[in-house]
Amino acid sequence: NSVREIVASNPFIPKGAGGTFSMMDFLPEATRVVEPGGKIFINTNSANPYGKLPSAADLESVGVRVIQDGGLDARFSGHTFLRTDGSKITDLHSMKTIVLEKIK
């Protein structure tokens with residue numbers, strides 16, 4: 001409960017580090033540090049499995065609700081996004097922004 005916003009761009013936790021290719025790998029910790037009413041912005045492309053929203057029950061279990069799940073939010077349109085291998089994502093139409101709000 002100490003920050004107002006978190007931005008994660010193409011988040012990825014390797015399987016060797018405990019990753020399960022699910023947004024739930026990092027949402028519990030992200031929601032722990034976001035203040036009530038705070039936002040978690042997740043910028044992701046279609047190739048990233050972390051960009052798939054968890055079930056409504058999983059989201060509810062960590063105390064967040066979906067505010068946006070669509071195209072890349074305008075505030076990130078000038079940013080550079082990289083793949084896991086470090087190569088630049090040139091097609092920003094493949095990017096989207098998910099915005100979650102902490103409700104608990």
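**A tour from T31 to the largest pocket**

Select T31 first: this residue is buried, with a relative accessible area of 4%. Buried here means under 20% relative accessible area, so T31 meets the cut-off. Keep in mind that this is a predicted model.

Now show the ribbon around T31. The residue is found in helix α1, residues 27-33. Next, add V62 to the selection. The side chain of T31 reaches the backbone oxygen of V62 at 3.5 Å.

**On to the sheet**

Colour the strands. There are 4 of them in an open sheet, and the order is β1-β2-β4-β3. The pairing is mixed. Strands of a sheet pair through backbone hydrogen bonds, either parallel or antiparallel.

Which strands stand at the edges? Select β1 (3-9) and β3 (64-71). Each has a single partner strand, so one side of each is left without a neighbour in the sheet. Turn the view and follow the twist: from one strand to the next, it averages 15°.

Then pick out β2 (residues 34-45) and β4 (residues 95-102). These two run antiparallel, and 7 bridges join them. For one pair, select K39 and look across to β4: its bridge partner there is E101.

**Last stop: the largest pocket**

Rolling a probe the size of a water molecule over the atoms shows where empty space is left. What lines the largest pocket? Select N10, F12, F21, N45, A47, N48, P49, L82, R83 and T84. Colour this lining by type: 5 residues are nonpolar, 4 polar and 1 charged. The space in the largest pocket is about 160 Å³.

Methods
Residues numbered from 1 in each chain as written. Predicted model: local features only at pLDDT ≥ 70, side-chain atom pairs only at ≥ 80, totals over all residues. Heavy atoms only, no water. 1 Å grid on protein atoms, 1.4 Å probe; cavity = no way out; pocket = protein on both sides within 12 Å on 5 of 7 lines; lining within 4 Å. Points joined across faces, edges and corners; volume = space filled by probe spheres on them. Nonpolar A, V, L, I, M, F, W, Y, C, P; charged D, E, K, R; others polar. Pairing = 2+ DSSP bridges. Axes fitted to C-alpha atoms, helices over the stretch in contact; angles between N-to-C directions. Buried < 20%, exposed > 50% of the residue type's maximum accessible area, 1.4 Å probe, protein only. Polar contact = N/O pair within 3.5 Å; in protein donor to acceptor, adjacent residues only side chain to side chain.
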